[in-house]
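Please keep the sequence and the model open while reading this note. The points below are numbered so that each can be checked in turn.

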Amino acid sequence: MYQIAAFPYRVDWPIDGSKSLVTTGEQFEGMLRHLQANQVRIFDHETTGLQWFKDDYSCGLGLGVFDSTSPSGVRSWYVPYRHQTGEGQLDIETIRDPMRRLFAEPDAVWIAHNFKFDEHMNRREGWHIGGRRYCTQMAARLYDENKPVALKKRAYLDLGHYWASEWEKRLDEEVNRLAKARKMKKTDYMATYGYCEVAIDLCGFYCCYDVDFTGQLFSLYERWGLSSHFPRVWNNEMQLIHTLCDMEEYGCLIDVDYVQYLKAETGKVIDRLSGMIEPMFRGSTFNPGSDADLRSFLYEHLMIPATTRTKKNQPSVEADVLAAFAHLHPAIPLIMEWREADKIRTTWTDSILKKLDHNGVLHGSLQNEGTTSGRLSSSSPNLQNFANENDDRAVRLTGRHIEDGGHDPWSIRRAFIARKRPDGVVIPRVILDYEQIELKALAYYTKDPIMTDAFLKGEDIHQRTQVEVGAILGGGPAPRRLAKITAFGLSYCMSAKGLSRQAKIPEDEAERFMEAFFGRYSSISNYREAFWAKVRFEGCQFANMFGRPRRVPGLTSDDNKIRKSSERQSFGALIQGTAAQLTKESLVRIHKWLRETGYPAVLVSTVHDEIWIDCDPSCLTVVVPKVKQLMEDYPEFAPIPITASADYIDTNWAEKKKLPL
DNA sequence: GCGACAAGCTTG
DNA sequence: GTACGAGCTTGTCGCT
C-alpha cells in the first residue's frame, strides 16, 4: 500500500497496514470509499506554518475512520498535495471537489485535535464543515483539566503510549537538518517552510499517528461518557469553534502608521535614557533590562536592604521596589522610565507589527480550551492584557488628566481602529459589557441578601458597599476605592494583606476594612467555607451551575500553602467559570442569530465580559437591542438580573463612547 | 543555537 | 510568608 521514499528520508520503523500514504488516484478512490462508509471521521492538516491568515497553507491532509480490524481501532491515510520534495503526490485540484463534498455532509461527525486550526486550514481550500464538530483537545480539557492538552502528551498520559513523541522527535531532527541545509535558524525555517519540505514518507506517517491518537482519544473519552456528562457545556463549546473561527478570520483593523510612529517614539526615549544611564556605570556593562544587573547594582553596590523577595528568595527588582528606592540614586528613576518605554515597544508595538496580514488586519487567536476554569484565553496578541490608557503618563506627557481632555500619548489601544464601508461610511464597533458579572455570579451562589437587594434595585454595588461598610466603621461612607478593590478580590479570596498592598494602605487599615466588609457580607465568607467543606467531602471535585467540572486535589493536602492555594483556585474557578460561560453561550447565540437573519453585523472579538460587534449603521437600532437581549436572557440566575451595557467606538479603541439607545 | 526557566509586566 | 487566572518578553543558564 505504501511506497518508501527513496530520498531524502526513509522510514525504518515497521508500520502496520492500518496507516497508508495516498499518492495515486486509485488509492484516493479507495480511501474515499472508506470515508463515505463511515460518518465519524478524523482529520488533521500538516502545513507550512501557523499563520493561516497570511502565507501559510496546508501541504497535506491526514484522514481516518474507526475500523475494528486495525490494531489501534483506527484506519488512517495521509494525502500529500503541496509537499516540495519532488516526490510523487496528488494534485490538490483533483481532490478539492470530492473533499469539499465530504466535509459538507450534514450528518457527518468530524474529529480533530485543536479543531479550530484545522478548520482555518480547511477554509483556505474551500472546505466547509457541514456536520458536527468534535474537538479532542476540548474533550481532553474536560476529561482532566489539570493535565496539558497537547496531543502527544495525552497519547502518553491517557492512552499510555510512552513512545508517542518518537515520531515528533524524528520530524524535529529532519527539520533541523533541512534548516541547516538552508543555513537558517530553526525558528525562521519553521515559520517559512513548516513541514512542506519534509519527505512525504516521514511527514505522512507522523500525521497518520496523529490521526490515530486523535481517534483513540475520542474512543477513550466517549467510552467514559464525556459529551453526555456535560451536555450544556460540551454542545456550546463545539458550536463556539465555528463562532471563534469566523471571529478570528474577520480580525481587527490596525492603524499601522500609528503603531510605527509609537515604536519610533518609544525608541527615541529609550536611546535618550540609555545615553544618560550609561555614563553612570562607567567601567562596567549595565543593561537596564537585565534583572541580574539591576539586582547587583541595588543590593550589592548601593547596599540597599532587600524588602521584597521573589519566589526563589532573590531580592526583587520589580517596579514597586524601584519606585520605593527612586530617591537613593539618580539612575533609578531613569531605569524605571527606560523599562516602561521598553515594555511598550517590545511587548505591544513589535508584536502587533509581526502579526499583521497583508491588509493591516490583526488576526489574534482565542482558545476555548485554554484555561482550567473555563475562561477563554487569548494570544498572538493577547487582547486580554492590552494596557489601558495610563492617566499618570497622560499628566506627565500632556499636562492634563484624561478626564480633562488629556490623552495617553503612548496608548496602544489607539492602534485599534474602526473599519469603513467601501463608500467611506464608518462602521461603528459596539462593545457590549456585562455589568458586574462576577459579583452577580457570587451573589447567585452565596444568596447574599445585601448584594441581591442591590442588584434587584439596580443600585451601584460599590456605593452600596461604601454605605454598608461605612455604617460599621463609622464616619460616613467608606472609601470607594477600597470597596472596588475588595469586590474585585472576592473571586480569588484576597486577604487583608492583599488589599493593603494593592490599595497602598497600612495593613491595620486594610484589616479593619475587610473585617467590616465580611461583617456585613457574612454570607460570602460562610458560603466559601461551606463550599470547600462540600467539595472536600465529594472527592475534591465540583461542577458549576452549568455543569462544568473542576478537580482540585490539593484541597486535602497537608501542606498549608498548597491547601490554601487550592481553596482560592477552586473558588475562583467557580465564580470566573460561571461568568465565562455566559459570555461563551452569548457568543454562540449572537453568531447564530446574525447568520440566520443576515444583518450586516459581525462578531469581532471578546475580552472576558465584553463582546465586540462591528455593526453597519443602518441596522444598529435592530441589532444592538437584540444582542443585548440575547446576552441578558439567563433566567437560571433568578432573582438576580443579568444586564449588559453598550459602548461604541467610531474612531479607535482609546475613544470609547456611550451608545445612546 | 536552542530549550527551559525565572522574573517582570499588563490585564479581568 | 502569601493572593486568582492568563500570555508575552527579556535575560540567564546549561546543553549540544
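**Notes on the model**

1. Cys540 counts as buried because its relative accessibility is 8%. Buried means under 20% relative accessible area, exposed means over 50%, and partly exposed is in between (1.4 Å probe, protein chains only). Cys540 has a positive phi of about 60° although it is not a glycine. Its place is the loop between helix H22 (522–537) and strand S12 (541–543). Helices (H or I, at least four residues) and strands (E, at least two) are DSSP runs, numbered from the N terminus.

2. Some ground rules: this is a predicted model, in which local features need pLDDT of at least 70, side-chain atom pairs count only at pLDDT 80 or more, and totals for chains, interfaces and linings use all residues. Residues are numbered from 1 along each chain as its sequence is written, chains are lettered from A and ligands numbered from 1 in the order in which they are written, and side-chain values use heavy atoms, with hydrogens and water left out.

3. Lys504 also has a positive phi, of about 55°, and is not a glycine. Lys504 sits in the loop between H20 and helix H21 (507–520). Is Lys504 buried or exposed? With 64% relative accessibility, Lys504 is exposed.

4. Cis peptide bonds deserve a look. One joins Ser380 and Pro381, with omega about -10°; Pro381 belongs to the loop between S10 and helix H15 (391–398). Another joins Ala638 and Pro639, with omega about 10°. Pro639 is in the loop between helix H24 (620–632) and strand S16 (644–649).

5. Which residues are closest to DNA strand C? They are Ser290, Ser380, Ser495, Gly498 and Gln569, out of 24 residues that surround the strand. Of the atoms of DNA strand C that come within 4 Å of the protein, 66% are sugar and phosphate. A residue is near a strand if one of its heavy atoms lies within 4 Å of it. Ser380 thus appears twice in this note, here and in the cis bond to Pro381.

6. Contacts with DNA strand C reach several parts of the strand. The side chain of Asn287 has an N or O atom 2.9 Å from a phosphate oxygen. For Gly498, a backbone N or O atom is 2.3 Å from a base nitrogen. In Arg568, a side-chain N or O atom is 3.4 Å from a sugar or linking oxygen. Two or more residues near this strand come from each of helix H14 (331–354), strand S10 (377–379), helix H20 (496–503) and helix H23 (560–597). H23 gives the most, four residues.

7. DNA strand B is surrounded by 24 residues, the closest being Lys186, Val317, Ala319, Asn385 and Asn388. Sugar or phosphate makes up 74% of the strand B atoms within 4 Å of the protein, and bases make up the rest. A polar side-chain atom of Asn385 is 2.8 Å from a base oxygen, and a side-chain N or O atom of Gln576 is 3.3 Å from a base nitrogen. Helix H7 (186–193) and helix H12 (291–301) are the elements giving two or more residues to the surface near strand B.

8. How many salt bridges does the structure hold? It holds 49, a salt bridge being a side-chain nitrogen of Lys or Arg within 4 Å of a carboxyl oxygen of Asp or Glu. In the pair of Glu145 and Arg551, the closest N and O atoms are 2.5 Å apart. This pair links distant parts of the chain, 406 residues apart: Glu145 is in the loop between helix H4 (136–143) and H5, and Arg551 is in strand S13 (residues 549–551). Both Glu145 and Arg551 are buried.

9. A local pair offers another view. Glu174 and Arg177 form a salt bridge (3.0 Å, N to O), and both lie in helix H6, three residues or about one turn apart. Glu174 is buried because its relative accessibility is 3%, whereas Arg177, at 39%, is partly exposed. Elsewhere, Asp453, Lys457, Glu459, Arg464, Glu468 and Arg520 are joined into one network by salt bridges that share partners.

How values were computed:
A polar contact is a pair of N or O atoms within 3.5 Å; within protein, one must be able to donate a hydrogen and the other to accept it, and residues adjacent in sequence count only if both atoms are side-chain atoms.
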